[in-house]
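Trainee: Before I use this model for anything, I would like to go through it with you, one question at a time. Could we begin with the backbone and then turn to the interior and the pockets?

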Amino acid sequence: YDRLAAVRYADKWWNSRNPAFPIVEDDCTNYISQCLLAGGAPMHGYPNREKGWWMRNGTWSFSFTVAHSLRWYLATSKKGLTATQVGSAEELGLGDVIAYDFQGDGRFDHSTIVTAKDGRIPLVNAHTYNAYHRTWDYKDSYAYSPNATYIFFKINDNFS
């Protein structure tokens with residue numbers, strides 16, 4: 001996994017949309033998937049939208065564009081793009097992914113990618129409400145609540 005390539009992509013497109021990809025209304029996970037792809041993450045599972053992680057021929061898997069689906073894909077994938085869940089944001093590095101459940105109801109509704117660090121604190125980029133090198137916890141966001149939960153994914157560097 002080329003973490004710097006993923007971050008370069010994230011920084012290039014943080015405030016606009018790449019016309020090579022479909023436009024979706026809530027764009028956060030579509031953008032994160034594009035960043036992962038730029039880092040060399042392999043797609044698999046086509047044409048089953050409920051399996052794998054992919055985009056092809058004008059369609060895509062749910063995990064490519066839906067935050068809750070990407071969260072479950074990263075937690076369970078054993079093939080292609082894989083990740084390891086870690087216990088804290090400070091364990092993340094560039095190119096890693098954070099899943100957000102702002103309401104704390106078990107339904108994950110946002111995804112970001114780590115694009116910089118402020119000491120040990122990850123800074124993230126995101127879409128839907130475009131963000132560049134924002135503090136990872138979103139405590140200053142209208143979407144944040146004290147019930148918010150997060151899952152931290154270290155993207156595995158080698159793909160099977």
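Trainee: Is Asn57 buried or exposed?

Mentor: This is a predicted model, and the values I quote are computed from it. Asn57 is found in the loop between β1 and β2 (59–60). A residue is called exposed when its relative accessible area is over 50%. The value for Asn57 is 64%, so Asn57 is exposed.

Trainee: What sign does the phi of Asn57 have, and about how many degrees is the angle?

Mentor: Most residues other than glycine have a negative phi. Asn57 is not a glycine, and yet its phi is positive, at about 50 degrees.

Trainee: Where is Thr128 found, and how is its accessibility classed?

Mentor: Thr128, which is not a glycine, has a positive phi of about 80 degrees, and this residue is found in the loop between β6 and β7 (131–135). The class between buried and exposed runs from 20% to 50% relative accessible area. With 25% relative accessibility, Thr128 therefore counts as partly exposed.

Trainee: Which two residues does a cis peptide bond join?

Mentor: Most peptide bonds are trans. Here one bond has an omega of about 5 degrees and is cis, and its proline lies in the loop between α2 and β1 (55–56). The two residues joined by this bond are Tyr46 and Pro47.

Trainee: Which residues is Pro42 in contact with, leaving aside its neighbours within four places in sequence?

Mentor: Pro42 has its place in the loop between α2 and β1, and with a relative accessible area of 26% it is partly exposed. The C-alpha atoms of Pro42 and Leu81 are separated by 5.8 Å, although the two residues are 39 apart along the chain. Once those sequence neighbours are set aside, the contacts of Pro42 are Trp53, Gly80, Leu81 and Phe159.

Trainee: What pattern of helices and strands does the protein follow along the sequence?

Mentor: There are four helices and eight strands in the protein. Of the contacts with a separation of 6 or more, 58% come from residues 24 or more positions apart. Read along the sequence, the pattern is α-α-β-β-α-α-β-β-β-β-β-β.

Trainee: What radius of gyration does the protein have, set against that of a compact globule?

Mentor: The C-alpha trace spans about 40 × 30 × 30 Å along its principal axes, and buried residues make up 51% of the 160 residues. For a compact globule with 160 residues, the radius of gyration would be near 15 Å, which agrees with the value for the protein, 14 Å.

Trainee: How many residues of α2 are buried?

Mentor: The buried residues of α2 are Cys28, Thr29, Asn30, Tyr31, Ile32, Ser33, Gln34, Cys35 and Leu36. Just after this helix, Gly40 takes a positive phi of about 95 degrees. The helix is mostly covered, and the count of buried residues is nine of its 11.

Trainee: Which residues touch the most other members in the largest nonpolar core?

Mentor: In soluble globular proteins, nonpolar side chains tend to be buried together. The largest nonpolar core here has 28 residues, and those that touch the most other members are Ile32, Leu36, Trp53, Leu74, Leu81, Ile113 and Ile155. Two or more residues of this core come from each of α1 (3–13), α2, α4, β4 (97–101) and β8 (149–155). A second, separate core has 16 residues, and including in that count are Ile98, Phe102, Ala126 and Tyr138.

Trainee: Which residues lie nearest the centre of the largest pocket?

Mentor: The largest pocket holds about 400 Å³ of space, and its lining has nine nonpolar, eight polar and four charged residues. Both α2 (28–38) and α4 (67–76) supply at least two residues of that lining. Out of the 21 lining residues, those nearest the centre are Asp26, Cys28, Asp109, His110 and Thr128.

Trainee: How many nonpolar, polar and charged residues line the second largest pocket?

Mentor: About 190 Å³ of space lies in the second largest pocket, where α3 (62–65) and α4 each supply at least two lining residues. Among the residues of the lining are His44, Arg49, Glu50, Lys51 and Tyr73. By class, the lining divides into two nonpolar, five polar and three charged.

Note on methods. Residues numbered from 1 in each chain as written. Predicted model: local features only at pLDDT ≥ 70, side-chain atom pairs only at ≥ 80, totals over all residues. Heavy atoms only, no water. 1 Å grid on protein atoms, 1.4 Å probe; cavity = no way out; pocket = protein on both sides within 12 Å on 5 of 7 lines; lining within 4 Å. Points joined across faces, edges and corners; volume = space filled by probe spheres on them. Nonpolar A, V, L, I, M, F, W, Y, C, P; charged D, E, K, R; others polar. Buried < 20%, exposed > 50% of the residue type's maximum accessible area, 1.4 Å probe, protein only. Core = buried A, V, L, I, M, F, W, Y, C linked by side-chain atoms within 4.5 Å. Rg over C-alpha atoms; globule rule 2.2 N^0.38 Å. Contact = heavy atoms within 4.5 Å.
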